[in-house]
Amino acid sequence: MKTQKEIPACFWAESRSSDLCNDEKLLLIYLISHPTTNRLGCVRLPLRYMAYDLEWSEEYVKSCFNELIRFNFLVWDPGTEWTYLTDFLDWFPIKNSYQGKYIEQIFNEIPENTIVFTLVVGHLLKISYLDKVFRERLINCWNKASKEEDKRQQQKELNRCQCGETINA
């Protein structure tokens, strides 16, 4: 299946993109059009590779990344170096069941231990044209992630109570 490599026309009309400097826009366009960016808008690409390709320092890439994160254009997992372009599925919507099947194959490449995994699951649950079995799998992933988040919150509250902090209800 052809991977989208064009820049969506709505990208330029979005009010959020007008708040970006030219280098931040360039980095976002680089990520949208990169050969390894998949149909979900996910890419595993080390910062040093981006810095090399763009002829920037790694610190400058991080700075631009932070702005893209601040404006909610992407989510980045520094531990696994996976990036998720949060608007990608809006810019390039799934238009039929064949694309839905392809999405399922690509989804299997994303490790569950990444920060982006649960976000991708949440976005995919809003999409039509997905196989019923795959949708059920996504729901199970979502429920599992929700339970794990609840456990983390409970542990955090327990730790605060043990430290003598008060909990505001």
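This report describes the overall make-up of the chain, then helix α4, the β2–β3 hairpin and the loop residue Thr80.

**Overall make-up**

The structure is a predicted model. Its chain contains nine helices and three strands. Read from the N terminus, these elements follow the order α-α-α-β-α-α-β-β-α-α-α-α. The chain has 169 residues, and 42% of them are buried. Of the contacts with a separation of 6 or more, 63% are between residues 24 or more positions apart. The exposed surface of the chain comes to about 10000 Å², and carbon and sulfur atoms supply 50% of that area.

**Helix α4**

Helix α4 spans residues 47-54, and its buried residues are Leu47, Met50, Ala51 and Leu54. These residues lie on the same side of α4 because they cover an arc of only 100° around the axis. They pack against three elements, which are listed below with their residue ranges.

| Element packed against by the buried residues of α4 | Residues |
|---|---|
| α3 | 22-33 |
| α5 | 58-70 |
| β2 | 74-77 |

After α4 comes Glu55, which has a positive phi near 60°.

**The β2–β3 hairpin**

Strand β2 is also one of the elements that the buried residues of α4 pack against. In a regular strand, side chains alternate between the two faces of the sheet. In β2, Leu74 and Trp76 point one way, while Val75 and Asp77 point the other way. Residues pointing either way are buried in this strand.

β2 and β3 run antiparallel and are joined by four bridges. Across the pair, Asp77 of β2 stands opposite Trp82 in β3. Four residues lie between the two strands of the hairpin. Glu81 in this hairpin has a positive phi, with a value near 65°.

**Thr80 in the loop**

Which loop holds Thr80? Thr80 is placed in the loop between β2 and β3, the latter covering residues 82-85. Is Thr80 buried or exposed? Thr80 has a relative accessibility of 16%, so it counts as buried, the cut-off for buried being under 20%.

Leaving aside residues up to four places away in sequence, Thr80 touches Arg44, Asn113 and Thr114. Ile115 is 35 residues from Thr80 along the chain, and the C-alpha atoms of these two residues are 8.7 Å apart.

Key
Residues are numbered from 1 along each chain as its sequence is written. This is a predicted model: local features need pLDDT of at least 70, side-chain atom pairs count only at pLDDT 80 or more; totals for chains, interfaces and linings use all residues. Side-chain values use heavy atoms; hydrogens and water are left out. Buried means under 20% relative accessible area, exposed over 50%, partly exposed in between (1.4 Å probe, protein chains only). The arc is that of the directions from the helix axis to the C-beta atoms. Contact means heavy atoms within 4.5 Å. Accessible areas come from the Shrake-Rupley method with a 1.4 Å probe; for residues, only the protein chains shown count as cover. Two strands pair if DSSP finds at least two bridges between them.
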